[in-house]
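Work through the exercises below with the coordinates open, and try each task before reading its solution.

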Amino acid sequence: MFSVSLSLFLYGSLRQPTMKLSDLIILVSRLVFFSVLWSILMADMALSIRFPDRISQTPNDSPNRTLKTATFALGSFWRSEAVFGCLDGVVQTTVGYAGGSKPNPEYRSLGDHAESVQIEYDPRLINFRQLLEVFWSSHDSRQVFGQGPDVGNQYRSIIFTNGSEESRLAAVSKEREQTNSKSSIVTTQIQQLGTFYTAEPEHQKFELKQNPFILQLIGNLPEEELDRSSLAAKLNSYSAELCPSKIQKQIDAKINDIIRKGWPILKEL
Ligand code: MHO
């Protein structure tokens, strides 16, 4: 395409039998113009070939990073999921049942399990210690047999651990919490994670599902994608107004921007 237009231009100029100085100047400027264009084109191609990884990737797409999981129980899992979903470094959140012995628990018959949230996170961006801080500051670990208005054993407070280092960190943080709580007893249990039973689909991203407008804004993802999506995890927190206020405002602005411009789909934040 490029060569064809260049030939036509040059042919147009050379075709005239007698060439005046002004024609020569025009011809030379055309040549310069096309050489510059050609160099830009070549440089661009060379760069794209040399650096294919310059194509921007969200952390979610990167195949080789190692993710870790952490599991907590801190009351209703609808809220627990929203507590963690907005944190930087949290990639995915899932609600389920853990901490008991009943096989295959269900929402209406969860036996001795506790409503829990499992968090998949990138340890380069957030660590277990920081997740523990969020855990302690997001519920009342001294409340007996329930959390907030919810009464029952299924709402008890638990830190589930994977291995001895996490158990140590959990114990240290609990001692600190107990010291700060003075006379009232911190009820939180610390236990090695056994089986985590994923809860029914209607409990996943529950807060987001109360917000059909945002669901539509992200393209009415099928359940499976919604469960895996870090964008959905963030917007689940946003819908529960549990993102840090700065992020809450940023998301407000982004959504307003989309509404104003009429772009149909929110892909990333
Ligand atoms: N207070 C909540 C508890 C829900 S939960 C997932 C309710 O509306 O019933 O246990």
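**Exercise 1: the ligand and its shell**

Task: find which atoms of the side chains of Y107, E115 and Y155 approach oxygen atoms of the ligand, and at what distance.

Solution. Begin with Y107, where an N or O atom in the side chain is 3.1 Å from an oxygen atom of the ligand, a polar contact being a pair of N or O atoms within 3.5 Å, with the further condition within protein that one atom must be able to donate a hydrogen and the other to accept it, and that residues adjacent in sequence count only if both atoms are side-chain atoms. Continue with E115, whose side chain places an N or O atom 2.7 Å from a ligand oxygen, and then with Y155, which has a polar side-chain atom 2.7 Å from an oxygen atom of the ligand. The protein covers 68% of the 310 Å² of accessible area that the ligand has on its own (Shrake-Rupley method, 1.4 Å probe; for residues, only the protein chains shown count as cover). This is a predicted model, in which local features need pLDDT of at least 70 and side-chain atom pairs count only at pLDDT 80 or more, while totals for chains, interfaces and linings use all residues. Residues are numbered from 1 along each chain as its sequence is written, and side-chain values use heavy atoms, with hydrogens and water left out.

Task: list the residues around the ligand and sort them by class.

Solution. The residues with a heavy atom within 4 Å of the ligand are S76, F77, W78, Y107, E115, D150 and Y155. Sorted by class, this shell has four nonpolar, one polar and two charged residues.

**Exercise 2: helix 3**

Task: decide how many of the eight residues of helix 3 are buried, and what covers them.

Solution. In helix 3 (residues 77-84), six of the eight residues are buried, that is, under 20% relative accessible area. They are F77, S80, E81, A82, V83 and F84. The elements that cover them include strand 1 (68-74), strand 2 (90-98), helix 4 (128-137) and helix 9 (230-239).

**Exercise 3: S173**

Task: is S173 buried or exposed, and which residues does it contact?

Solution. S173 is located in helix 5 (residues 164-181). Because its relative accessibility is 5%, S173 counts as buried. Beyond its neighbours within four places in sequence, S173 is in contact (heavy atoms within 4.5 Å) with L132, W136 and I159.

Terms used: Buried means under 20% relative accessible area, exposed over 50%, partly exposed in between (1.4 Å probe, protein chains only). Helices (H or I, at least four residues) and strands (E, at least two) are DSSP runs, numbered from the N terminus. Ala, Val, Leu, Ile, Met, Phe, Trp, Tyr, Cys and Pro count as nonpolar, Asp, Glu, Lys and Arg as charged, and the others, Gly among them, as polar.
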